Amino acid sequence: MSRTALGMPAVRPVRGQGNLHAETAFPAAARAEMGNTQMRANIRHATHTIRGKRANVVNELPDWQALRSAGSALKESVMANLPELLEQFEANVTARGGTVHWARDAAEANRIITNLVQATGSTEAIKIKSMATAEIDLERHLAEHGITATETDLAELIVQLGHDRSSHILVPAIHKNRHEIREIFLREMTETDESLTSEPRDLAEAARAHLREKFLSTKVAISGANFGVAETGTLTVVESEGNGRMCLTLPETLITVMGIEKLVPTFADLEVYLQLLPRSSTGERMNPYTSMWTGVTPGDGPQDVHVVLLDNGRSAVLSDPAGRSALHCIRCSACLNVCPVYEQAGGHAYGSTYPGPIGAILSPQLTGITSAENASLPYASTLCGACYDVCPVKINIPEILVHLRDEDVRTKHGQRPAADAVPTEDGATAALQTPAGPQGTAENIGGGRSTGSASGPAPGRVRRLFQRLPHPPSEMDLMMKGASMVMSSGRRMALAERALPLGRAVAGHDRRISWLPGMAGGWTDVRDIPAPPRESFRNWWAQHADETQDRVRADGTVPDADPAQPTDPHQVKEGDR
Amino acid sequence: MRIALFATCIVDAMYPRVALATVRVLERLGHEVVFPPGQGCCSQMHVNSGYLQDALPVVRNHVKAFSAADYDVAVAPSGSCVASLGHQQPMVARAGGDEDLARRAEAVAGTTYELSQLLVDVLGVTNAAEQLGSWFPHTVTYHPSCHGMRLLRLGDRQKDLVRSVAGVEFTELPDAEECCGFGGTFSFKNPDVSAAMAEEKIGNITATGAQVCTGGDASCLMHLGGAISRTGAGVATVHFAEILASTRQNPLEVTGPVELSIPGPTGRRHRTQAAAGSAAGSASSDAPAAVAADSGESR
């Protein structure tokens with residue numbers, strides 16, 4: 001194959017695969033999910049409860065904002081030194097008897113883990129709740145190779161037994177209430193019977209009994225990691241139920257999958273995150289179980305310890321200066337709990353392991369904008385900013401959403417190559433690496449065309465070619481172009497506003513517009529537009545600017561001689577955020 | 001003080017009465033208001049929709065219009081548009097490779113205030129009844145729009161001003177900090193979620209029993225008002241500038257069909273808003289009716 005390099009690095013980061021691709025565009029997926037009123041009621045209740053708990057434990061800390069700044073700054077330094085920190089981490093894990101594996105993408109990670117489990121001769125594994133293993137769809141991959149992985153976190157178990165999908169980062173079964181959970185247990189746990197009540201205590205006890213046997217008999221455990229400490233090679237899992245502690249101590253073999261962004265430089269850095277995470281996540285001052293392990297401790301706990309370092313698109317995210325802070329995420333889910341869009345649409349509407357505001361930026365960043373479906377995610381927000389306010393590591397989610405919308409628009413306009421990986425059936429990356437350099441921006445226009453791809457499948461090639469063709473402008477494009485023309489000139493605004501009486505005529509007698517064609521129909525489907533005014537302010541003012549005395553007289557208020565002392569405006573603005 | 005009004009595109013075209021209310025309040029305090037004629041839009045619609053390239057001429061125009069004008073401070077009756085000047089315009093300019101424009105955009109943003117910021121922080125207005133003669137005899141609740149709350153950190157400035165208006169009976173809005181669901185083009189790109197969010201907000205508004213829901217952004221109020229109009233909930237959405245401008249002699253009417261035009265026929269002669277109110281033949285209580293009649297005489 002021949003490819004024009006144009007000074008771009010020879011090795012380009014791979015894009016993420018696995019449970020990151022939305023199958024249905026967000027608006028349609030949300031519409032379908034919103035039909036489930038039970039789910040919406042459950043989510044509404046749960047998010048409002050956690051939201052309140054979080055606010056209480058955050059507001060009691062005088063140095064919360066300083067902690068957030070520290071959490072953000074630490075992650076920035078991690079991202080700036082990631083290669084060195086990863087190598088340091090690997091050296092320290094290895095020195096302590098552990099084995100480090102590097103996985104470029106989901107397929108590679110799944111292969112490594114399957115081989116490791118098969119090497120033990122076991123066909124069973126117990127699992128700790130982990131976003132990374134959900135992201136790479138590990139369970140399905142293991143099942144295809146005859147290995148049963150049992151979730152031991154209560155909510156994950158509910159999702160697994162219900163043949164369901166997680167809808168929340170922290171509370172995967174947030175969309176189920178206890179009566180629905182009882183139904184699932186009755187149906188799927190052979191040891192339960194009709195005497196099972198829907199009391200939380202009884203449900204937890206049933207799960208406990210169900211899992212106890214697994215903990216004692218299974219020889220392999222698979223976990224994720226909340227943090228990896230580069231300076232010591234220590235891994236950390238933070239949890240509430242104690243199931244994690246069982247998995248980390250009882251089996252002979254322990255396999256941990258960790259995204260490469262989860263590193264912290266030193267052990268002392270954990271003090272920042274262990275304050276930020278539980279308060280943001282469960283609304284607790286401290287979570288009940290914090291487990292840490294460093295390689296192998298002879299005679300104590302698992303004697304065969306592995307770490308799989310997962311890229312799966314993270315290096316690609318790192319290469320985008322405007323979007324890379326998405327990698328700071330510590331998976332607390334505070335942004336989901338305050339998001340009004342998540343509250344209405346629920347987690348499944350996002351079609352990815354990562355729902356909510358963080359999912360709306362992380363999923364399309366990891367995969368690249370490869371389809372209309374996952375390109376719809378950055379638009380799944382009103383940009384209200386509630387997510388940024390609660391983020392413990394200060395990820396400016398609204399700003400990244402806007403950045404991704406811009407990327408999407410430029411991709412559609414052919415000014416930017418479409419994302420450079422297309423997942424294939426077995427998850428392997430089809431080598432479709434178009435020249436999205438570190439900046440991935442308009443500098444690639446025209447010049448960076450690859451002239452062929454020996455290894456890429458034909459449909460991908462055709463699609464890529466199609467994406468390069470100039471697209472006819474969409475209704476949105478035309479509207480934006482027109483608005484840009486009008487709104488960039490006071491004179492053109494004044495002229496356009498002469499048409500307002502036309503809108504009044506459309507509104508008719510009841511002075512409201514209830515139907516509009518095309519894209520604007522999205523507005524009038526659910527809302528009216530009031531009849532426009534006869535005249536814009538601009539055009540009115542041109543005739544009335546000099547009538548100050550009339551206006552003051554008509555209002556009947558004679559201003560006091562000295563109503564208030566104006567402050568120097570320049571001083572005031574200084575104090576602005 | 002010489003104050004430049006940045007009306008914002010939506011207020012200019014759809015809610016001229018909000019711009020006029022802003023003018024009336026400032027003139028009442030003895031300030032001169034000018035309207036830089038070249039102004040258009042802050043560019044937020046383009047930026048938030050991802051059309052950064054199409055936003056660039058809009059930014060350039062705004063910066064040019066306000067750099068050319070002579071004023072002490074600028075004001076806009078919108079938290080969202082003021083936030084866009086500082087948070088988005090320099091970014092758009094830099095994305096377009098124009099560092100000089102970015103600096104000038106920062107300078108313009110640095111002297112542009114949201115209305116309540118200007119009134120409270122610069123002009124020292126803390127009691128609208130006493131200092132502005134504001135009078136509005138209605139039950140009112142208040143929705144804090146997101147960008148004013150989270151980007152400008154307006155806090156309770158708008159709410160406190162409204163509460164200090166004579167006659168206002170104020171009720172707090174439950175879950176006030178939740179977004180109303182407008183979100184610019186979000187409102188028609190994701191109409192179902194947007195409508196569900198509006199429904200939630202309207203439920204909270206009607207639960208307060210208020211006749212009027214006020215706020216500081218005409219766009220959010222248009223979205224809520226449009227949804228209320230469809231559901232027939234019977235609550236008026238009114239920009240807080242209009243409540244501050246309302247006086248005993250020239251009160252704002254909130255009943256009857258929605259009329260966005262500046263009262264009075266197009267011409268030189270200024271007419272009071274009360275004329276439109278009494279023409280609609282409706283008054284919610286005795287007091288405004290009486291005053292409407294008064295101002296009719298004074299006309």
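**Exercise 1.** In which sense do strand 4 and strand 7 of chain A pair, and over how many bridges?

*Solution.* Before you start, know that this is a predicted model, where local features need pLDDT of at least 70, side-chain atom pairs count only at pLDDT 80 or more, and totals for chains, interfaces and linings use all residues. Residues are numbered from 1 along each chain as its sequence is written, chains are lettered from A and ligands numbered from 1 in the order in which they are written, and side-chain values use heavy atoms, with hydrogens and water left out.

Step 1: find strand 4 at residues 220-223 (strands are DSSP runs of E, at least two residues, numbered from the N terminus).
Step 2: strand 4 and strand 7 turn out to be parallel, with four bridges (pairing takes at least two DSSP bridges).
Step 3: look at one bridge, where A:Ile222 partners A:Ile255.
Step 4: now try strand 10 (residues 304-310), which runs parallel to strand 7 and is joined to it by seven bridges. Here A:Met258 sits opposite A:Leu309.

**Exercise 2.** Work out why strand 7 of chain A is largely enclosed by the rest of the structure.

*Solution.* Step 1: locate strand 7 at residues 253-259.
Step 2: sort its side chains by direction: A:Thr253, A:Ile255, A:Val257 and A:Gly259 point one way, while A:Leu254, A:Thr256 and A:Met258 point the other way.
Step 3: check burial (under 20% relative accessible area with a 1.4 Å probe, protein chains only). Seven of the seven residues are buried, so strand 7 is largely enclosed by the rest of the structure.

Methods. Buried means under 20% relative accessible area, exposed over 50%, partly exposed in between (1.4 Å probe, protein chains only).
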